[in-house]
Amino acid sequence: MQFYIVDVFAEEKYAGNQLAVFRGVENLSTEQMQRIAKEMNYSETTFVVSEIIESGGYFVRIFTPQQELPFAGHPTLGTAFILQQEVIRQPIETVMLNLKVGQIPVTLSYQDQKIDLLWMRQNQPTFGQQFDRETIAPILNLKADEFDDRYPIQEVSTGLPFIIVPLKKQRSLQHAKISREKLFELIKTTEAQAILVFCPETYHSENQLCVRVFVDGLGIPEDPATGSANGCLAGYLAQYHYFGDSSVDVRVEQGYEMGRPSLLLLKAQKTGDKIEVSVGGHVVMVAKGEFV
């Protein structure tokens, strides 16, 4: 089997979110894929099940060290990057991935014949239950008045659900710390197993939002760059007119508190009851080899 290590939502190597992508896995069982994902110990590992286009796309499976996921953002972009670079090997506008959640198109742009940006169109956001500040505050070790009460705390999903939490200040975002016992009590009653907190204060003036994503409920540490969660955030921003209307086109920072600075590009447009969501970013090749 061949494998590749890439950094996704990264402006350079050793930033963003790491991903391992495996090819030549047609004979692997689900149990073997799960064991390999645990051995790799990244937030997610993907397996290109077939390098022949079937049902309009490439079949791909996504695993954390603990479980298979129906969808995740940075594995989708990172796997599309590897498919173009190592399988297709020619400029192509769209790579279609067949995931557990359904087909996800990834659009590629090029600069000097090299991949520049990758964008994925996510599923229509769905909005679930809302929570009061007094419920969420002790889980994040924050005070109730640190939340931006102009907007709800709410479950949102584009394939993988997250609890979206608006904060007023960056210092609150920096000081947030998960109380695992309280979190695990909460997620017994929720679809979402992870929490995204965000605020409008940023480390760099050219960016519009700063984000942290706590994924303890999925059995992995805090994520440095989370495309699925930020897709949920993009839908949320459009739904509640966070920037004044139903259109979203922003640059988002994540991972700075972990020493893995990441940049995610979010676009969303609400028209009637529908919200179109896209998440984009850069992917950088780090290493490749054979898995024995």
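**Notebook: His241, helix 6 and the empty spaces**

I began with His241, which at 38% relative accessibility counts as partly exposed, because that value falls between the cut-offs of under 20% for buried and over 50% for exposed. I kept in mind from the start that this is a predicted model.

I then looked up where His241 sits, and found its place in the loop between helix 6 and strand 14, which covers 247–254. I also checked its backbone and noted a positive phi of about 50°, although His241 is not a glycine.

For comparison I turned to Asp112, another residue other than glycine with a positive phi, in this case near 55°. Asp112 belongs to the loop between strand 7 (102–111) and strand 8 (114–122). At 70% relative accessibility Asp112 counts as exposed, because the value is over 50%.

**Helix 6**

Next I went back along the chain to the helix that His241 follows. Helix 6 runs over residues 227–239, and its 13 residues reach 18 Å from the first C-alpha to the last, close to the 18 Å expected at 1.5 Å a residue.

Why can I call helix 6 largely enclosed by the rest of the structure? I counted the burial, and 12 of its 13 residues are buried, so the surroundings largely enclose this helix. Among the buried residues of helix 6 I listed Gly227, Ser228, Cys232, Leu233, Tyr236 and Leu237.

**A closed space**

I then searched for empty space, since rolling a probe the size of a water molecule over the atoms shows where it is left. How many cavities of 30 Å³ or more does the structure hold? I found 1 cavity of that size, and the volume of the largest cavity is about 60 Å³. Of the 15 residues that line the largest cavity, Glu44, Ala72, Asp223, Thr226 and Ser228 are the closest to its centre.

Ser228 had already appeared in my list of buried residues in helix 6, and I noted that helix 2 (73–88) and helix 6 each give at least two residues to the lining of the largest cavity. The largest share of that lining, 3 residues, comes from helix 2. Sorting the lining of the largest cavity by class, I recorded 8 nonpolar, 5 polar and 2 charged residues.

**An open space**

Afterwards I looked up the largest pocket, in which about 240 Å³ of space lies. It is lined by 16 residues, and those closest to its centre are Asn17, Asn41, Tyr42, Ser43 and Pro221. By class, I recorded 6 nonpolar, 7 polar and 3 charged residues in the lining of the largest pocket.

Which domains supply the lining of the largest pocket? I found at least three residues from each of domain 1 (2–122 + 282–290) and domain 2 (126–277). For the largest cavity, too, the lining draws at least three residues from each of domain 1 and domain 2.

**One strand residue and the whole chain**

I made one check in strand 12 (residues 195–199), where Ile195 is found. Ile195 counts as buried at 1% relative accessibility. Its C-alpha atom is separated by 20 Å from that of Gln208, 13 residues apart along the chain.

Finally I stepped back to the whole protein chain, whose secondary structure comes to 6 helices and 17 strands. Its radius of gyration is 18 Å, close to the 19 Å that the globule rule gives for 292 residues, so I noted the chain as being as compact as a globular protein of that length. I closed the entry with burial, writing down that 56% of the 292 residues count as buried.

Key:
Residues are numbered from 1 along each chain as its sequence is written. This is a predicted model: local features need pLDDT of at least 70, side-chain atom pairs count only at pLDDT 80 or more; totals for chains, interfaces and linings use all residues. Side-chain values use heavy atoms; hydrogens and water are left out. Helices (H or I, at least four residues) and strands (E, at least two) are DSSP runs, numbered from the N terminus. The expected span of a helix is 1.5 Å times one less than its number of residues. Buried means under 20% relative accessible area, exposed over 50%, partly exposed in between (1.4 Å probe, protein chains only). On a 1 Å grid over the protein atoms alone, a cavity is a set of points where a 1.4 Å probe fits but cannot get out, and a pocket is an open set with protein on both sides within 12 Å along at least five of seven lines; lining residues have an atom within 4 Å of a point. Grid points are joined across faces, edges and corners, and a volume is the space filled by probe spheres set on the points. Ala, Val, Leu, Ile, Met, Phe, Trp, Tyr, Cys and Pro count as nonpolar, Asp, Glu, Lys and Arg as charged, and the others, Gly among them, as polar. Domain bounds come from an automatic or database domain assignment. The radius of gyration is taken over C-alpha atoms; the globule rule is 2.2 Å times the number of residues to the power 0.38.
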